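Student: I would like to go through this model by question and answer. Please fix the terms before using them.

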Amino acid sequence: MSFFGFGQSVEVEILLNDAESRKRAEHKTEDGKKEKYFLFYDGETVSGKVSLALKNPNKRLEHQGIKIEFIGQIELYYDRGNHHEFVSLVKDLARPGEISQSQAFDFEFTHVEKPYESYTGQNVKLRYFLRATISRRLNDVVKEMDIVVHTLSTYPELNSSIKMEVGIEDCLHIEFEYNKSKYHLKDVIVGKIYFLLVRIKIKHMEIDIIKRETTGTGPNVYHENDTIAKYEIMDGAPVRGESIPIRLFLAGYELTPTMRDINKKFSVRYYLNLVLIDEEERRYFKQQEVVLWRKGDIVRKSMSHQAAIASQRFEGTTSLGEEGEESLSRRPCYTT
């Protein structure tokens, strides 16, 4: 980079030491596309080189210092001017001076704490990246390289089933059960719906996976609901005593682990939404929160502390309602 075409120009590249062997992971960008990035876990060392290639071999590059940073930050889309950094590490690579030939500088960030998973949502983005900076009087030269961080968890010791009876008084009474309340991202949800009383002409029933992203605090809280999947479990009118099995494979959907109050900026929660539709297109629903977590193929010893912390974040379940639907609760029966 040069100023008005005069002086030395330079190309900056960040190279990881284990680039050939390190696994890559797909991650959604802000524009919705998927790209592959180098994958890291909490506690892993990040090391490599910052390579400077001078374009004009007969000219020197004057600078006010060269540094490399490892940054973890949260960006709220409604407040793009402010980047909330929760990890900020800096290594000085060179003091102010001149560079007369292409050069590479080694760097290493040892056992870096990466407490949260990389996330790109509707209203918030959590990213980790390396940033190399050549400070100059008129214009700095900056190069960034994003990485992806996954948080691994151990299998929760307490993983009780979900069992609940819901209905509309004297019209509909059903019992639904899910085999667990906490599922890893490749898990299978197994359950059943049992009809104890049916006086409504139901024609269709489905289960939705809903992701609820919450950003902001206090009066500035904003909720964004996104239906990840719709799974039909019944087509036609049920009768009293009928039992409908549920078997939902999570591996085929784009899911993240449950995130609760990440750096006091945002949360991501998941709900199973049981929806019944009658012949007059009225919708009855019941939502139940489930906790999702990432299960590692091989949980490394260096991950044990992070995994223990993650497993402690599991909480109980709850339910919520949405506008435009009838909640399965004590409501008067519709006559048909």
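Tutor: Buried means under 20% relative accessible area, exposed means over 50%, and partly exposed lies in between (1.4 Å probe, protein chains only). This is a predicted model, in which local features need pLDDT of at least 70 and side-chain atom pairs count only at pLDDT 80 or more, while totals for chains, interfaces and linings use all residues. Residues are numbered from 1 along each chain as its sequence is written, and side-chain values use heavy atoms, with hydrogens and water left out.

Student: What is the mean pLDDT of the protein chain?

Tutor: pLDDT is the predictor's confidence in each residue, from 0 to 100. In the protein chain, 86% of residues reach 70 or more, and the mean is 84.

Student: How many contacts does the model have for residues 329-336, beyond four places in sequence?

Tutor: Contact means heavy atoms within 4.5 Å. The pLDDT over residues 329-336 stays under 50. Beyond four places in sequence, the count for residues 329-336 is 19 contacts.

Student: How many strands does the protein chain have?

Tutor: Helices (H or I, at least four residues) and strands (E, at least two) are DSSP runs, numbered from the N terminus. Next to one helix, the protein chain has 23 strands.

Student: Of contacts between residues at least 6 apart in sequence, what percentage join residues at least 24 apart?

Tutor: The question concerns contacts within the protein chain, and the lower limit of 6 places sets the pool. Within that pool, the share joining residues at least 24 apart is 70%.

Student: Which residues touch the most other members of the largest nonpolar core?

Tutor: A nonpolar core is a set of buried Ala, Val, Leu, Ile, Met, Phe, Trp, Tyr and Cys residues joined through side-chain atoms within 4.5 Å. The largest one has 73 residues. It draws at least three residues from each of domain 1 (10-149) and domain 2 (162-293), with bounds from an automatic or database domain assignment. The members with the most such neighbours are L130, Y178, I193, F195 and L274.

Student: Which residues are in contact with L130, leaving aside neighbours within four places in sequence?

Tutor: The list for L130 has charged residues in it, including E69, K143 and E144. The others are I14, L16, V46, I68, F70, F107, F109 and M145.

Student: Why does the salt bridge between E75 and K125 tie together parts that are apart in sequence?

Tutor: A salt bridge is a side-chain nitrogen of Lys or Arg within 4 Å of a carboxyl oxygen of Asp or Glu. In E75 and K125 the closest N and O atoms are 3.9 Å apart. E75 lies in strand β6 (residues 66-76) and K125 in strand β11 (residues 124-134), so the pair joins parts separated in sequence by 50 residues.

Student: Is E289 buried or exposed?

Tutor: E289 meets R269 in a salt bridge of 3.7 Å, N to O. R269 has 27% relative accessibility and therefore counts as partly exposed. For E289 the relative accessibility is 0%, so E289 counts as buried.

Student: What is the N to O distance in the salt bridge of D278 and R282?

Tutor: D278 is buried at 2% relative accessibility, and R282 is buried at 18%. Their side chains meet with an N to O distance of 3.0 Å.

Student: Which residues do salt bridges with shared partners join into one network?

Tutor: A search of the whole structure finds 20 salt bridges. Those that share partners join E69, R127, R131, E144 and D146.

Student: Is the aromatic pair of F86 and Y116 stacked or edge-to-face?

Tutor: Rings of Phe, Tyr and Trp (its six-membered ring) pair if their centres lie within 6.5 Å; planes under 30 degrees apart count as stacked, over 60 as edge-to-face and the rest as tilted. F86 and Y116 are both buried. Their centres are 5.0 Å apart and their planes are at 70°, which is edge-to-face.

Student: Why does the pair of Y119 and F266 count as stacked?

Tutor: Y119 in strand β10 and F266 in strand β21 are 147 residues apart, and both are buried. The ring centres are 5.6 Å apart and the planes are at 15°, so the pair is stacked.

Student: Which residues does T258 touch, not counting those up to four places away in sequence?

Tutor: T258 is found in the loop between β19 (243-249) and β20 (259-262). T258 is buried, with a relative accessible area of 16%. It touches V268, R269, Y270, V290, V291 and L292.
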